[in-house]
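Colleague: I am new to this structure and would like a close look at a single part of it. Please take me through the second stretch that the record annotates, and then place it in its surroundings.

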Amino acid sequence: MNDIDAWVWWLVGAAALGIPLVVTAMPEFGMFAVGAVAAAVVAGLGFGIVIQVLTFVTVSVALIAVVRPIAARHGDQRPRLATGVDALKGKQAVVLERVDGSGGRIKLAGEIWSARALDTGRAYEVGQEVDVVDIEGATAIVI
């Protein structure tokens, strides 16, 4: 055991930290693994254990402090490509059956949808173009 250099132990530690990174998908383990690789480089250059540990801690903490907020910010962003019913919001449709506060039918994106007017006092007649503002279940809310 004493014949193995310190840099090898740091690389073993980096590999060991890579396993939970893959299993749990927690990026913090990857940041600790990078810190262990940096400590292995310092150990390979001949620095002592104190410098190795300080390098591990410094690199790991720096990565967590810098990368984690950036990753969280990107994770909170909504996808730019709207899909499903979200893609239908804001589209125009043509009234097939009179649409008022209690219901009606429209043609939206090539399909026939049940629809309801957002303003319950307003009615839209056959052939009129309306804008879809929301989708509630299988009903389009139009103005």
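**The second annotated stretch and its surroundings**

Modeller: Over residues 30-47 the chain is 83% helix and 0% strand, and the C-alpha atoms at its two ends lie 24 Å apart; helices (H or I, at least four residues) and strands (E, at least two) are DSSP runs, numbered from the N terminus. This is a predicted model, in which local features need pLDDT of at least 70 and side-chain atom pairs count only at pLDDT 80 or more, while totals for chains, interfaces and linings use all residues. Residues are numbered from 1 along each chain as its sequence is written, and side-chain values use heavy atoms, with hydrogens and water left out.

The stretch comes from an unreviewed UniProt entry, which places the feature "transmembrane region" at residues 6-23 and 30-47; its positions follow the numbering used here, feature names are shortened, and annotations may be inferred rather than shown by experiment. Residues 6-23 are 100% helix and 0% strand, with end C-alpha atoms 27 Å apart.

Helix α2 itself covers residues 27-44, and its 18 residues should span 26 Å at 1.5 Å a residue, which agrees with the 26 Å between its end C-alpha atoms; the expected span is 1.5 Å times one less than the number of residues. After α2 comes G46, whose phi is positive, near 100°.

Which residues of α2 are buried? They are E28, G30, M31, A33, G35, A36, A38, A39, A40, V42 and A43, where buried means under 20% relative accessible area, exposed over 50% and partly exposed in between (1.4 Å probe, protein chains only). These buried residues pack against α1 and α3, with contact meaning heavy atoms within 4.5 Å.

The aromatic rings add to this picture, for W10, F32 and F56 form one cluster, and the structure holds 2 aromatic pairs. In one of them, the rings of W10 and F56 have centres 5.5 Å apart and planes at 35°, so the pair is tilted; rings of Phe, Tyr and Trp (its six-membered ring) pair if their centres lie within 6.5 Å, and planes under 30 degrees apart count as stacked, over 60 as edge-to-face and the rest as tilted. Because W10 lies in α1 (residues 6-24) and F56 in α3 (residues 49-76), the pair ties together parts that are 46 residues apart in sequence. W10 is buried, with a relative accessible area of 16%.

Further along the chain, the unreviewed UniProt entry annotates residues 85-142 as "domain: NfeD-like C-terminal", a span that is 0% helix and 59% strand. There, β1 (residues 92-100) runs antiparallel to β2 (residues 103-108), joined by 4 bridges, and β2 also pairs with β3 (residues 111-117) in the antiparallel sense over 4 bridges; two strands pair if DSSP finds at least two bridges between them.

The largest nonpolar core has 15 residues, of which V99, I106, L108, V132 and V142 touch the most other members; a nonpolar core is a set of buried Ala, Val, Leu, Ile, Met, Phe, Trp, Tyr and Cys residues joined through side-chain atoms within 4.5 Å. The elements giving two or more residues to this core are β1, β2, β3, β4 (129-136) and β5 (139-142). Apart from it lies another core, of 7 residues, and this one leads back to the part you asked about: A14, A33, A36 and A39 are among its members, and A33, A36 and A39 are also among the buried residues of α2.
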